[in-house]
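Ready to practise reading a protein structure step by step? Work through each exercise with the model open beside you, and try each task before you read its solution.

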Amino acid sequence: MVVLAGRSTGKVNLTTCTVAGSAQAGFSDFRIERVLLNRLWEGTKVYWNKPVETMNREEMTNLQSTRLQETVQRVYRKVPFYRNKMQEQGLLPEDITNLGDIVKLPFISKQDMRGNYPYGLFAVPLAEIVRIHASSGTTGKPTVVGYTKRDIGIWSEVMARALTYAGASKLSCIQVAYGYGLFTGGLGAHYGAEMIGASVIPASSGNTSRQILLMKDFGTSVLCCTPSYALYIAETIYEMGLSPKDLSLKAGIFGAEPWSERMRKEIEDRLHIKALDIYGLSEIIGPGVACECECQDGLHISEDHFYPEIVNPLTGEVLPDGEKGELVLTTISKEGMPMVRYRTRDLTVLNHDVCTCGRTLVRMGKVLGRSDDMLIIRGVNVFPSQVESVLLSLGETSPHYQLIVDREDNLDKLTVMVELTEEMFSDEVRGLEDLEHKIQGALADVLLVSAKVRLVSPKSIERSEGKAKRVIDNRKI
């Protein structure tokens, strides 16, 4: 018998959970509690922050309008870049009187972030920034984001919602197999899990057999990692002579790279779990901007913190619900580094219909592609122009190159084909091997992901009279 006690609020608040009638105390009881609690919640609607997650559209619009006006006032006063952009368009903060006025504001792009490296977009003094994250940039300099203590709290809140969508609670054991460090994935999931009071296993990425050992022995119920790594874990489980029945996994929250419905079914079939898609980007806050619920019918955007628009990628015109376009996001509550109308370059659609789960938060569809040439390799953003900058800086090869992406054993593999000059082509093998290693090391420093370098003969990479074909993506996701 499971006994639950706690306050009845909009948030999941389970203060006690005991198992009566078990023969012994300790680890076995701990596992029994998890199993019984999971069964109890099956089919039950659970929210982390019900007042917000089920807020009616009028109330949400009023909240967003107020927060947008406050954000515009803040960036105009505190960030010269935004002030100059608004002045160029003859705008004052007072001109933004409601949510509809957001279309008057200029867009911001990743290029603007690079142009203000490292702290030019911060809206508070560095002394108030408690965390700095960064992602790779096309020129070798990272794209920098800063968080105040309150921003970290917001990030934790939206990740707590996402984990609750997956059925997690304070009695869950959540294994975070995203990378920890400058990449926002690991710490974002970690803080959200701690906020709901779950037991967190900060496994980080890699060392797969150890990951599985931890899952088995610690009773992991929720797994957070990239979808490709989830499939790799599944394969390794069987190679180790185990099966999902030996684990306590119930759900997985997977993101940081694109994946299809076919891949979702494969993960669910192999791991016997429910696989949910999560969306985020460091420029906005990190993972937790949006996440699927148990209905798996679109990702709920935490729109009380991130206001979404869909625009025509060519004209910038705002498009209605259901039309495919580029996702533009505005942070309406961030202090450290607010982003106003940030062009994500991700292509998707929006849906404001109330979800079957009861949540009224707007849903975005799975990302359908990109409006630029960015690749996502094992959760890391990679641009062909980054490769070009490395080759030009080294100056030991021709400027012709090509990126080939494959998926082997459910993990992304990046190969960079680099064309030799006529002079280099005649060099001895040892010299070419040294050059390959040199380029490979330089690329790893810039891309923040490993790539295999293959030197090829002069004029062997296909030429084009139009836009050069820099990328061959062989992945079938």
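**Exercise 1: A strand and its partners**

Task: In which sense do β5 and strand β6 (residues 199-201) pair, and over how many bridges? Then find the other strand joined to β5 and say how well β5 is covered.

Solution:
- Step 1. Please keep in mind that this is a predicted model. Look at β5 beside β6: the two strands pair in the parallel sense, over three bridges.
- Step 2. Pick out a pair of residues to see this. C173 stands opposite S199 in β6.
- Step 3. Now turn to strand β7 (residues 222-225). Three bridges join β7 to β5, and these strands run parallel. Here Q175 stands opposite L223.
- Step 4. Check the faces of β5, which spans residues 173-176. C173 and Q175 lie on one side, I174 and V176 on the other, and all of them are buried.

**Exercise 2: The helix between two strands**

Task: Which helix joins β5 and β6 into a β-α-β unit, and what is the handedness of that unit? How many residues of the helix are buried?

Solution:
- Step 1. Follow the chain from β5 and you meet helix α7 (residues 185-195); with β6 they make a right-handed β-α-β unit.
- Step 2. Count the covered residues. Eight of the eleven residues of α7 are buried, so this helix is mostly covered.
- Step 3. Name them: G185, G186, L187, G188, A189, H190, G192 and A193.
- Step 4. Ask what covers them. The buried residues of α7 pack against β3 (131-135), α6, β5, β6, β7 and β10.
- Step 5. Look just past the end of α7, where G197 takes a positive phi of about 85 degrees.

**Exercise 3: Helices that cross**

Task: At roughly what angle do the axes of helix α6 (residues 149-165) and α7 cross? Do the exercise again for helix α3 (residues 57-78) and helix α4 (residues 80-88).

Solution:
- Step 1. The axes of α6 and α7 come within 7 Å and cross at roughly 75 degrees. An angle from 65 to 115 degrees counts as roughly perpendicular, so that is how α6 stands to α7.
- Step 2. Find the residues that meet. Among them are I152, W155 and L163 in α6, with G188, Y191 and M195 among those in α7.
- Step 3. For α3 and α4, the axes come within 5 Å and cross at roughly 105 degrees. These two helices are therefore roughly perpendicular as well.
- Step 4. Here V72, V75, Y76, R77 and K78 in α3 meet P80, Y82, R83, M86 and Q87 in α4.

**Exercise 4: A covered arginine**

Task: Is R264 buried or exposed? List what its side chain reaches and which residues R264 touches.

Solution:
- Step 1. Locate R264 in helix α10 (residues 261-271).
- Step 2. Compare its accessibility with the cut-off. Buried means under 20% relative accessible area; R264 has 3%, so R264 counts as buried.
- Step 3. Follow the side chain of R264, which reaches the backbone oxygen of A275 at 2.7 Å.
- Step 4. Leaving aside residues up to four places away in sequence, R264 touches W259, A275, L276, D277, E292, Q296 and K366.

**Exercise 5: Around strand β9**

Task: What kind of unit do β8, α10 and β9 make? In which sense does β9 pair with strand β10 (residues 286-292)?

Solution:
- Step 1. β8, α10 and β9 make a right-handed β-α-β unit.
- Step 2. Strand β8 (residues 251-254) runs parallel to β9, and four bridges join them. F254 stands opposite D277 in β9.
- Step 3. On to β10: β9 pairs with β10 in the antiparallel sense, over four bridges. The bridge partner of I278 in β10 is C291.
- Step 4. Look at the link. Four residues lie between β9 and β10, which form a hairpin.
- Step 5. Finish with burial: six of the eight residues of β9 (residues 274-281) are buried.

**Exercise 6: The edges of a sheet**

Task: Which strands stand at the edges of the open sheet β12-β13-β14-β17?

Solution:
- Step 1. Read the order of this four-stranded sheet, β12-β13-β14-β17, and note the antiparallel pairing.
- Step 2. β12 (306-311) and β17 (369-370) each have a single partner strand, so they stand at the edges, with one side of each left without a neighbour in the sheet.
- Step 3. Strand β13 (residues 325-331) and strand β14 (residues 342-348) run antiparallel, joined by four bridges. V328 has R343 in β14 as its bridge partner.

How values were computed: Residues are numbered from 1 along each chain as its sequence is written. This is a predicted model: local features need pLDDT of at least 70, side-chain atom pairs count only at pLDDT 80 or more; totals for chains, interfaces and linings use all residues. Side-chain values use heavy atoms; hydrogens and water are left out. Buried means under 20% relative accessible area, exposed over 50%, partly exposed in between (1.4 Å probe, protein chains only). Two strands pair if DSSP finds at least two bridges between them. A crossover is right-handed if, with the strands pointing away from the viewer, the path from the first strand over the helix to the second runs clockwise. A polar contact is a pair of N or O atoms within 3.5 Å; within protein, one must be able to donate a hydrogen and the other to accept it, and residues adjacent in sequence count only if both atoms are side-chain atoms. Contact means heavy atoms within 4.5 Å. Axes are lines fitted to C-alpha atoms, for helices over the stretch in contact, and angles run from 0 to 180 degrees between N-to-C directions. Angles under 35 degrees count as roughly parallel, over 145 as roughly antiparallel, 65 to 115 as roughly perpendicular and the rest as oblique.
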